[in-house]
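Visitor: I would like a close look at a single part of this model, set against the rest of the chain.

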Amino acid sequence: MTLVPFAPEHVLAAAELVAAAGARRRRLIPALPEAWSDPDHVARALAGLVDRGAGLAALDDGELVAFHLALAIDGRGGRFSYTPDIAHA
């Protein structure tokens, strides 16, 4: 397994991971947003994060198996990072 910086070419595979997990969660908790189980919706959201944040992709034989994205936020008292719900799997 290799860790590499998350890049635009990882968005579609990451969206599939999030959507699959979202679909599993929605079966248990139907009140969760349906959009979380839609890979196209998730891909659009992740694409916006790639340009505004930083992240890592875990690749196993070139296949994305996990990822984590975070946004850097300058706030009162310092710099923080924030990971949206759909920005990791």
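Visitor: What is the relative accessible area of Asp38, and does that make the residue buried, partly exposed or exposed?

Guide: Asp38 has a relative accessible area of 32% and is therefore partly exposed (buried is under 20%, exposed over 50%, partly exposed in between, with a 1.4 Å probe and protein chains only). The model is predicted, so local features need pLDDT of at least 70 and side-chain atom pairs pLDDT 80 or more, while totals for chains, interfaces and linings use all residues. Residues are numbered from 1 along each chain as its sequence is written, and side-chain values use heavy atoms, without hydrogens or water.

Asp38 belongs to the loop between H1 and H2 (helices are DSSP runs of H or I with at least four residues, strands runs of E with at least two, numbered from the N terminus). In sequence, Asp38 and Ala20 are separated by 18 residues, yet their C-alpha atoms lie 8.5 Å apart.

H1 covers residues 11-28. With 18 residues at 1.5 Å a residue, H1 should span 26 Å, and its end C-alpha atoms are 26 Å apart, which agrees (the expected span is 1.5 Å times one less than the number of residues). The buried residues of H1 are Val11, Ala14, Ala15, Val18, Ala19, Ala21 and Gly22. Their cover includes H2 and S3.

Ahead of H1, His10 sits in the loop between S1 and H1. His10 counts as buried because its relative accessibility is 11%. Apart from neighbours within four places in sequence, His10 is in contact (heavy atoms within 4.5 Å) with Val4, Pro5, Ala57, Leu59 and Leu64.

On the other side of the loop that holds Asp38, H2 runs over residues 39-52. H2 gives 5 residues to the largest nonpolar core, the largest share of it (a nonpolar core is a set of buried Ala, Val, Leu, Ile, Met, Phe, Trp, Tyr and Cys residues joined through side-chain atoms within 4.5 Å). H1, S2 (53-60) and S3 (63-75) also supply at least two residues each. The core has 18 residues, and Phe6, Leu46, Phe67 and Leu69 touch the most other members. Leu69 is in contact with Phe6, Leu46, Leu49, Ala54, Gly55, Tyr82, Thr83, Pro84 and Ala87, leaving aside residues within four places in sequence.

The loop between S2 and S3 contains Asp61. Asp61 is exposed because its relative accessible area is 80%. Its phi is near 55°, a positive value in a residue other than glycine. Most residues other than glycine have a negative phi.

Met1 lies in the segment before S1 (2-5) and counts as exposed because its relative accessibility is 71%. Met1 touches Ala58, Leu59, Asp60 and Val65, not counting residues up to four places away in sequence. Met1 and Glu63 are 62 residues apart in sequence, with 9.4 Å between their C-alpha atoms.

Towards the other end of the chain, Asp74 and Arg79 join their side chains in a salt bridge, 3.4 Å from N to O (a side-chain nitrogen of Lys or Arg within 4 Å of a carboxyl oxygen of Asp or Glu). Side chains of opposite charge can pair when their charged atoms come close. Both Asp74 and Arg79 are exposed. The count by this rule is 1 salt bridge.

Phe80 is in strand S4, residues 78-82. Phe80 counts as partly exposed because its relative accessibility is 45%. Together with Ile73 and Tyr82, Phe80 makes a nonpolar surface patch of about 290 Å² (patches take residues with over 30% relative accessible area and no salt bridge, joining like charges within 9 Å and nonpolar side chains, Val, Leu, Ile, Met, Phe, Trp or Tyr, within 5 Å).

As for the whole chain, there are 2 helices and 4 strands, in the order β-α-α-β-β-β along the sequence. Of its 89 residues, 29% count as buried. Among contacts with a separation of 6 or more, 48% join residues 24 or more positions apart. The accessible surface is about 5,800 Å², with 56% of it belonging to carbon and sulfur atoms (Shrake-Rupley method, 1.4 Å probe; for residues, only the protein chains shown count as cover). Along the principal axes, the C-alpha atoms fill a box of roughly 40 × 35 × 20 Å.
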